[in-house]
Amino acid sequence: VIKCKAAVAWEAGKPLSLEEVEVAPPKAHEVRIKILATAVCHTDAYTLSGADPEGCFPVILGHEGAGIVESVGEGVTKVKPGDTVIPLYIPQCGECKFCKNPKTNLCQKIRITQGKGVMPDGTSRFTCKGKQIYHFMGTSTFSEYTVVADISVAKIDAAAPLDKVCLLGCGISTGYGAAVNTAKVERGSTCAVFGLGGVGLAVIMGCKIAGASRIIGIDLNKHKYAKAKEFGATECISPQDFKKPVQEVLVEMTDGGVDYSFECIGNVGVMRAALEACHKGWGVSVIVGVAAAGQEISTRPFQLVTGRTWKGTAFGGWKSVDSVPKLVTEYMSKKIKVDEFVTHTLPFDKINEAFELMHTGK
């Protein structure tokens, strides 16, 4: 058993608490990882807020991390102690019907136990003050050591800077893949990206790499426009600057609508606007943002009858074990940006400040 520091969420709506936790050794087909860097994501904040129906407490959050394998359980063959890895919240077992189908990346092998906050055998590897602590998204990267299933880990280039590539565990991969895998943006197309946070910037990057000729960023926070343009946005607008709905503005700006739109916020009203900003006959809108529990989307069926397509994406459609090492290689060879997404680097004990920076849009 390893004793180490972790940021524990004891209950919903309260700040994280830095505690000493005990991390049990990995059982069969499990891997214990020394986490060297983690990022914070809106999904962590969503669960912490109490709005997540799958949220269980007390829990160690975090799902964008990178580190070194410390030890492995029985039967683990893909990684060994000392390997540099990224934990994966969408695993890839290679055996379930989802993994065998090229149309999806949603491996279901450990979905049920992962959603309940436990390891595949139904138990937790974390204890603190004598209490069992739940796992989160199969990763729990807000701990100096974590234990994950062996199908939830990608071995990456040992030379990669972990304080940067940890972002490929969720946000960057999700946005980039939404453009290149889910939408399959084509050269010369016109795109609209709603929400210019980390995921939205990654979508812009993907659209640019795919050769889009016009990329319109939409956000209420104008401080985000300069960064969006660095990533490839050709122009940025705020819905508050117009008297009419933003979808009407976009249809006028683009002679009938955009070829591809992306919703990167998790707001059902914006999801509708993103669909309706698409061009009749061929426009495709991709939902990337995660809406709160119980929310529903709506539009007039005529929008779809007249040839628009509404799609969703999780982790950008990447089959995780196969793709994350390749994404790290693309970053190392400067095909994709990663460093530019990092706004602040803080010590682990300032993790609550990181959440505050995220909530203020900084």
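**Exercise 1. Which residues line the largest cavity?**

Solution. This is a predicted model, so read every value as computed from it.

Step 1. Count the cavities. The structure holds one cavity of 30 Å³ or more.

Step 2. Take its volume. The largest cavity holds about 70 Å³ of space.

Step 3. List the lining. The residues are I110, T113, Q114, V118, M119, P120, H135, G138, A149 and S152.

Step 4. Look for links to the next exercise. M119 and H135 are among the lining residues, and R125 touches M119 and H135, among others.

**Exercise 2. Place R125 and describe its surroundings.**

Solution.

Step 1. Locate the residue. R125 sits in the loop between α3 (111–115) and β6 (126–128).

Step 2. Decide on burial. Buried means under 20% relative accessible area. R125 has 3% relative accessibility, so it counts as buried.

Step 3. Find the polar partners. The R125 side chain makes a polar contact with the side chain of E30, at 2.8 Å. A polar contact with the side chain of T123 is also at 2.8 Å.

Step 4. List the contacts, leaving out residues up to four places away in sequence. R125 touches E22, V23, A24, P25, K27, E30, M119, H135 and V147. E30 thus appears in this list and as a polar partner.

**Exercise 3. Classify two aromatic pairs and say which parts of the chain they link.**

Solution.

Step 1. Choose the descriptors. A pair of aromatic rings is described by the distance of the centres and the angle of the planes.

Step 2. Set the total. There are four aromatic pairs in the structure.

Step 3. Take Y89 and F315. Their centres are 5.5 Å apart and their planes are at 75°. Planes over 60 degrees apart count as edge-to-face, so this pair is edge-to-face.

Step 4. Place these two rings. Y89 is in the loop between β5 (84–87) and α2 (97–100), and F315 is in the loop between β15 (309–312) and α11 (320–332). The pair links distant parts of the chain, 226 residues apart. Both Y89 and F315 are buried.

Step 5. Take Y176 and W318. Their ring centres lie 5.8 Å apart with the planes at 35°, so the pair is tilted.

Step 6. Place this second pair. Y176 belongs to helix α5 (residues 171–183), while W318 is in the loop between β15 and α11. The pair therefore ties together parts that are 142 residues apart in sequence. Y176 and W318 are both buried.

Step 7. Add a charge over a ring. K337 lies over the face of F231, at 5.8 Å from the ring centre.

**Exercise 4. Find the backbone exceptions.**

Solution.

Step 1. Recall the background. Most residues other than glycine have a negative phi, and most peptide bonds are trans.

Step 2. Check the peptide bond between F57 and P58. This bond is cis, with omega about -5°. P58 is in the loop between α1 (42–49) and β4 (64–72).

Step 3. Check S140. Its phi is positive, near 50°. S140 is in the loop between β7 (131–133) and β8 (145–149). With 0% relative accessibility, S140 counts as buried.

Step 4. Check F315. Its phi is also positive, at about 50°, although F315 is not a glycine. F315 lies in the loop between β15 and α11. At 2% relative accessibility, F315 counts as buried.

Step 5. Connect the exercises. F315 has this positive phi and also forms the edge-to-face pair with Y89.

Terms used
Residues are numbered from 1 along each chain as its sequence is written. This is a predicted model: local features need pLDDT of at least 70, side-chain atom pairs count only at pLDDT 80 or more; totals for chains, interfaces and linings use all residues. Side-chain values use heavy atoms; hydrogens and water are left out. Rings of Phe, Tyr and Trp (its six-membered ring) pair if their centres lie within 6.5 Å; planes under 30 degrees apart count as stacked, over 60 as edge-to-face and the rest as tilted. Helices (H or I, at least four residues) and strands (E, at least two) are DSSP runs, numbered from the N terminus. Buried means under 20% relative accessible area, exposed over 50%, partly exposed in between (1.4 Å probe, protein chains only). A charge sits over a ring if NZ of Lys or CZ of Arg is within 6 Å of the ring centre and within 35 degrees of the ring normal. A polar contact is a pair of N or O atoms within 3.5 Å; within protein, one must be able to donate a hydrogen and the other to accept it, and residues adjacent in sequence count only if both atoms are side-chain atoms. Contact means heavy atoms within 4.5 Å. On a 1 Å grid over the protein atoms alone, a cavity is a set of points where a 1.4 Å probe fits but cannot get out, and a pocket is an open set with protein on both sides within 12 Å along at least five of seven lines; lining residues have an atom within 4 Å of a point. Grid points are joined across faces, edges and corners, and a volume is the space filled by probe spheres set on the points.
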